[in-house]
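Trainee: I am new to this structure and would like a close look at a single part of it, namely the places where charged side chains pair up. Could you take me through that part slowly, and set it in its surroundings as you go?

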Amino acid sequence: GFGINAWAAPLFRANFLDQQSEFAAINALIILIGGCSSSLLGGILADRLSNWDSRARLWVPAVGCFVAIPLFSAACFATSFQSAMALYFLHFFVAECWYMH
């Protein structure tokens, strides 16, 4: 999350020069909604799955991180601002599902 966020603004600014102010507001919402809901739902999912296998608390964030890789890559190469932001949101939603107990 932190490393990607450091480069997201310059990347999307270079790709979508006319949407800089839109990106600032949308990025804040993506971080807030995508990150918070991912953490909550990732924790709930890990708790439920850990009833069957205690390793679920490790598998849920690991799978989320691996699923996020192609989503962020697709966001980087998206040709429209809307699709880039949708993919960026999905990336955040799956990448931030780390679990702390």
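Mentor: A salt bridge is a side-chain nitrogen of Lys or Arg within 4 Å of a carboxyl oxygen of Asp or Glu. With that cut-off in hand, and keeping in mind that this is a predicted model, we can say that the structure holds 2 salt bridges.

Let us begin with the pair formed by Asp-47 and Arg-57, whose closest N and O atoms are 3.3 Å apart. This pair links distant parts of the chain, since Asp-47 lies in helix 2 (residues 20-50) while Arg-57 lies in helix 3 (residues 56-77), and the two are 10 residues apart. As for their surroundings, Asp-47 is partly exposed, with a relative accessible area of 32%, and Arg-57 is likewise partly exposed, at 29%.

The other salt bridge joins the side chains of Asp-53 and Arg-55, with a distance of 3.0 Å from N to O. Here Asp-53 counts as partly exposed, its relative accessibility being 28%.

Because Asp-47 belongs to helix 2, that helix deserves a careful look of its own. Helix 2 has 31 residues, which at 1.5 Å a residue should span 45 Å, and its end C-alpha atoms are 42 Å apart, in agreement with that expectation. Its buried residues include Phe-23, Asn-27 and Ile-30, and then Gly-34, Gly-35 and Ser-38; further along the helix, Gly-42, Gly-43, Ala-46 and Ser-50 are buried as well. Ala-46 is thus buried in helix 2, whereas Asp-47, the residue that takes part in the salt bridge with Arg-57, is partly exposed.

Now for the whole protein around these pairs, which has 4 helices and 0 strands, and so reads along the sequence as α-α-α-α. Its C-alpha atoms fill a box of roughly 50 × 20 × 20 Å, taken along the principal axes. Of its 101 residues, 33% count as buried, and the protein exposes about 6,400 Å², of which carbon and sulfur atoms supply 71%. Among contacts between residues at least 6 apart in sequence, 71% join residues at least 24 apart. To return to charge, the protein has 4 positive and 5 negative charges, and the mean positions of these two groups are 11 Å apart.

How values were computed
Residues numbered from 1 in each chain as written. Predicted model: local features only at pLDDT ≥ 70, side-chain atom pairs only at ≥ 80, totals over all residues. Heavy atoms only, no water. Buried < 20%, exposed > 50% of the residue type's maximum accessible area, 1.4 Å probe, protein only. Contact = heavy atoms within 4.5 Å. Areas by Shrake-Rupley, 256 points an atom, 1.4 Å probe, with all protein chains shown as cover. Lys, Arg positive; Asp, Glu negative; His and termini not counted. Charge placed at Lys NZ, Arg CZ, Asp CG, Glu CD. Expected span 1.5 Å × (residues − 1).
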